[in-house]
Amino acid sequence: MPAERRSARGRSAVGRFPSVTFGFGEDTEAEKEEPKENNVKKGNACKEWLRKVCPCCCPKHDDGIDTEVTLVDGPGKEDGGNEVLLKVKSIDLLKSKSGANRTEHHTHLYQSDNLIIRRGQSFEMWITLSRPFNPSSDELHLDLKTGPLAVVAKGTHVIIPLVAKLEGDRWEAAVVKQEDKKIKLLVNSPATAVIGRYQLTVETNNQNGSASSTHDPANDIYILFNPWCQDDIVYMDSEDERQEYILNDTGRIYYGTKDQIGARTWNYGQFSDRILAACLFVMEKSGTSPSGWGDPVNVVRIISAMVNSPDDQGVLEGNWSGDYSNGTSPTVWSGSVEILEEYHKKNGTPVKYGQCWVFAGVVTTVLRCLGIPTRTVTNFSSAHDTDVSLTTDVYLDENLEPIENLNVDSIWNFHVWNDCWMARKDLPPGHGGWQAVDATPQETSQGTYCCGPASLAAVRYGQVYLKRDTAFVFAEVNSDKIYWQKNADGTFTQIYSEKKIVGISISTKAVGSNERSDITHLYKHPEGSNEERIAVETACSFGSKAKAYSSPTAQDVSLEVTLDGEGPKMGKDAELMITLKNSSSQQRSVSLHSQVSVMYYTGVHKATILEWALEYKDYKDKLIDQAALMLTVSGRVTETQQILATQFSFRLRTPDLIIKPLGKAVVGEKMSVEISFTNPLPQVLKAVIFHVEGLGLLTARMINYGDIGSHASVSLTEQFIPTLSGTRKLLVSLDCKQLTQVHGVSDITVEEKSNAPLYLGTHSRC
């Protein structure tokens with residue numbers, strides 16, 4: 001018999017089952033009585049009219065779930081009046097944080113009540129039906145949809161059938177237990193499934209008709225990448241590394257110079273409430289098709305583009321001007337949660353402002369949240385190649401003075417990006433593992449401000465022809481610095497090259513500790529080794545100046561700039577040592593030129609200050625952001641005409657914030673901390689702001705403190721109520737026009753209410 005449509009409502013399962021929607025309300029037996037007019041609830045008037053005309057076809061039910069139903073012509077009841085049509089009464093996804101679904105999928109830390117699972121792994125659910133399920137006559141399948149236009153062929157519309165036995169690596173479900181009207185399903189997903197938020201419905205069918213539950217947002221299923229699954233492209237075999245690169249919600253970000261490496265703690269907060277929704281919102285704002293979200297190469301490239309905002313209204317607006325009056329200074333941020341929440345809350349308005357470490361911190365949050373192992377990486381003496389020459393070029397005039405309008409390449413004191421872990425099936429074998437991804441908008445890649453993923457193995461061997469953006473990353477870590485002098489006829493001659501000044505102390509937080517891990521060896525062979533030189537020559541052969549690549553230059557005089565100890569402090573005079581060494585047996589005379597510049601950490605000069613001496617009075621009004629300076633020394637050996645040139649970056653160290661908990665920390669009980677600071681400068685700090693946050697302790701808050709006098713010591717007390725137990729990190733930063741990059745961290749052990757008191761440990765930042 002042909003199916004009969006009994007409603008004009010739209011069908012959710014186009015091309016499968018014509019449908020009609022019925023509302024479930026009171027018990028079926030009670031529906032046999034005509035409802036009184038004064039008891040009729042306001043709502044769907046057509047449905048109420050249909051219920052009056054044909055109560056057997058449009059009954060009320062005892063459940064809150066709507067079901068779309070298609071009936072076959074003929075009797076709708078068995079002898080005795082029992083229902084034949086099989087309908088869904090309720091769905092229980094077993095989504096408790098402490099339940100097997102969440103703990104076995106390593107998603108128990110997400111502060112969300114939704115079911116969050118990882119692909120390539122099975123999960124359980126209960127379905128309560130209108131009558132006992134009969135496998136010989138009843139059919140049932142799950143229906144999952146993600147994205148604005150779900151399509152079966154693109155993997156965004158998934159129909160999950162019931163099977164007798166699970167085979168793995170495919171969408172399938174099996175009944176593992178039945179209790180009267182309830183059935184328990186074990187559901188499996190393939191390790192290639194599209195990640196994202198899926199809408200779930202359950203459809204049933206037998207000879208008397210079909211029914212489909214309507215979508216309930218509370219039953220949406222979030223599916224993530226799975227580094228615990230060997231079949232997933234992001235699989236990582238070390239549990240310690242999975243704990244660090246997926247489950248650790250705090251980390252360390254390094255900054256400064258190669259000789260003065262500083263570190264600050266960053267709250268990634270990937271498990272915080274609303275952050276998973278915010279991360280998927282970022283993906284949705286990209287406008288890319290969800291059908292490509294099953295490939296981590298695509299996902300990290302999307303996030304690399306969407307965390308910056310020049311061309312796509314992404315998460316953060318970059319600002320390197322020194323003027324942050326229209327937003328938040330990049331040095332104030334100490335975590336990603338506040339940034340992502342603001343972006344989501346304002347429906348995709350870029351947050352002001354970010355610089356490289358902020359972009360990288362947000363990328364780590366988003367990718368760890370989605371299930372891709374990720375770490376934040378800092379490259380000291382990081383080159384920015386603007387012309388794809390794979391060299392860093394410095395142009396000098398006839399008097400060896402820099403030609404500013406030609407010197408567009410630069411070397412940043414430090415630059416922060418990310419490494420992500422995945423197999424690379426789109427590259428030759430051996431190029432999987434760590435991949436570099438950079439969200440700081442420097443150069444466009446295929447017309448978009450993004451970078452990566454670039455295989456570290458390809459970077460190490462100079463295989464710059466392999467995608468994605470390997471040439472740019474190679475130049476950042478292993479380009480030679482070449483000096484060119486202008487000739488009388490306007491041409492340039494290569495006069496000198498430095499081979500060991502780019503890509504130094506590439507750093508990330510160590511696994512399982514707060515120590516710094518040097519990973520330079522993953523990006524390049526040892527400096528000066530035959531392997532490293534071969535990699536450089538291989539890479540430069542694909543560059544825009546392949547024919548101009550320098551030949552080795554004989555040298556018997558060397559030039560080196562060093563500093564003593566940890567280097568100069570903010571507010572003090574800076575002293576550097578310039579050392580010249582003669583390795584020949586003959587006397588050498590050298591004339592040197594030098595200048596000291598204040599610069600942004602990106603390597604862009606701000607102002608020339610002085611030559612040879614650097615006193616506090618000369619730099620105090622010119623410092624910006626990272627308190628970074630660069631000494632440029634160049635010269636010529638009179639006897640041999642050998643050219644000497646070098647540039648040395650250093651920073652002025654800032655003081656620590658001291659954080660001291662007052663009393664014990666207990667979940668749900670108010671506690672206090674004392675924050676202390678001493679102004680190191682012989683001048684007043686104006687309009688000082690303190691920024692305080694801590695996962696499980698308090699949400700980010702800004703404290704407008706006011707002015708702090710010259711060399712004055714101050715303290716303030718903050719109160720908050722911890723919400724999570726365990727060891728928590730409280731982060732505090734200080735910011736004002738005269739002084740930035742001042743921050744501190746304290747470990748606070750929070751007890752449950754019923755626990756005995758625990759020790760509270762503190763420490764300041766390194």
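Q: Which residues does UniProt place under the feature "binding site"?
A: Happy to start there. The unreviewed UniProt entry puts "binding site" at Asn478, Asp480, Glu527 and Glu532. The model you are looking at is a predicted one, and the annotation comes from that record.

Q: How far apart are the C-alpha atoms of these residues, and what does that tell me?
A: The four positions span 55 residues in sequence, yet no two of their C-alpha atoms are more than 11.4 Å apart, so they gather at one spot.

Q: Where are aspartate 480 and glutamate 532 found?
A: Aspartate 480 is in strand β23, residues 480-486, while glutamate 532 has its place in helix α11, residues 530-540.

Q: Is aspartate 480 buried or exposed?
A: Residues under 20% relative accessible area are called buried. Aspartate 480 has 0% relative accessibility, so it counts as buried. Glutamate 532, also at 0%, counts as buried too.

Q: What is glutamate 532 in contact with?
A: Setting aside neighbours within four places in sequence, glutamate 532 is in contact with Asn478, Lys499, His525, Pro526 and Glu527. Asn478 and Glu527 are among the positions listed under "binding site".

Q: Asn478 belongs to which helix, and how many residues of that helix are buried?
A: Asn478 is one of the buried residues of α9. Nine of the nine residues of this helix, 470-478, are buried, so α9 is largely enclosed by the rest of the structure.

Q: Which residues does UniProt list for "active site"?
A: The unreviewed entry lists Cys356, His415 and Asp438. These span 83 residues in sequence, but no two of their C-alpha atoms are more than 9.7 Å apart, so they gather at one spot.

Q: Where should I look for histidine 415 and aspartate 438?
A: Look for histidine 415 in strand β20, residues 410-422. Aspartate 438 lies in the loop between β21 (433-437) and β22 (454-455). Histidine 415 is buried, with a relative accessible area of 0%, and aspartate 438 is buried at 2%.

Q: What does the side chain of aspartate 438 make a polar contact with?
A: Its partner is the side chain of histidine 415, at 2.7 Å. Beyond four places in sequence, aspartate 438 also touches residues including Ser304, Trp417 and Glu476. Histidine 415, counted in a similar way, is in contact with Cys356 and Glu476, among others.

Q: How do strands make a sheet, and what order do they take here?
A: Strands of a sheet pair through backbone hydrogen bonds, either parallel or antiparallel. One open sheet here has six strands in the order β22-β21-β20-β18-β25-β26, with antiparallel pairing. Its edge strands are β22 and β26 (516-518), each pairing on one side only.

Q: Over how many bridges do β18 and β25 pair?
A: Strand β18 (residues 374-384) and strand β25 (residues 504-509) pair over two bridges in the antiparallel sense. To find one of the pairings, look for phenylalanine 380, whose bridge partner in β25 is isoleucine 504.

Q: Which helix lies across β20 and β21?
A: That is α5, which runs at about 145° to β20.

Q: How many residues of helix α4 are buried?
A: Eight of the eleven residues of α4 (residues 275-285) are buried, so the helix is largely enclosed by the rest of the structure. Among the buried ones are Ile275, Cys279 and Phe281. What covers them includes β5, β11, β13, α5, α6 and α7. Just after α4, glycine 287 takes a positive phi of about 75°.

Q: What is a disulfide, and how many does a search of the whole structure find?
A: A disulfide is a covalent bond between the sulfur atoms of two cysteines. Here the search finds zero. The sulfur of cysteine 369 is 3.9 Å from the closest cysteine sulfur, in cysteine 279, which is too far for a bond. Cysteine 451 is in no disulfide either, as the nearest cysteine sulfur, in cysteine 450, is 7.5 Å away.

Q: Where does aspartate 220 lie, and which side chain does it make a polar contact with?
A: Aspartate 220 lies in the loop between β12 (209-213) and β13. Its side chain makes a polar contact with the side chain of histidine 215 at 2.6 Å. At 2% relative accessibility, aspartate 220 counts as buried.

Methods
Residues are numbered from 1 along each chain as its sequence is written. This is a predicted model: local features need pLDDT of at least 70, side-chain atom pairs count only at pLDDT 80 or more; totals for chains, interfaces and linings use all residues. Side-chain values use heavy atoms; hydrogens and water are left out. Buried means under 20% relative accessible area, exposed over 50%, partly exposed in between (1.4 Å probe, protein chains only). Helices (H or I, at least four residues) and strands (E, at least two) are DSSP runs, numbered from the N terminus. Contact means heavy atoms within 4.5 Å. UniProt positions are given in the numbering used here, feature names are shortened, and annotations may be inferred rather than shown by experiment. A polar contact is a pair of N or O atoms within 3.5 Å; within protein, one must be able to donate a hydrogen and the other to accept it, and residues adjacent in sequence count only if both atoms are side-chain atoms. Two strands pair if DSSP finds at least two bridges between them. Axes are lines fitted to C-alpha atoms, for helices over the stretch in contact, and angles run from 0 to 180 degrees between N-to-C directions. A disulfide is a pair of cysteine sulfur atoms within 2.5 Å.
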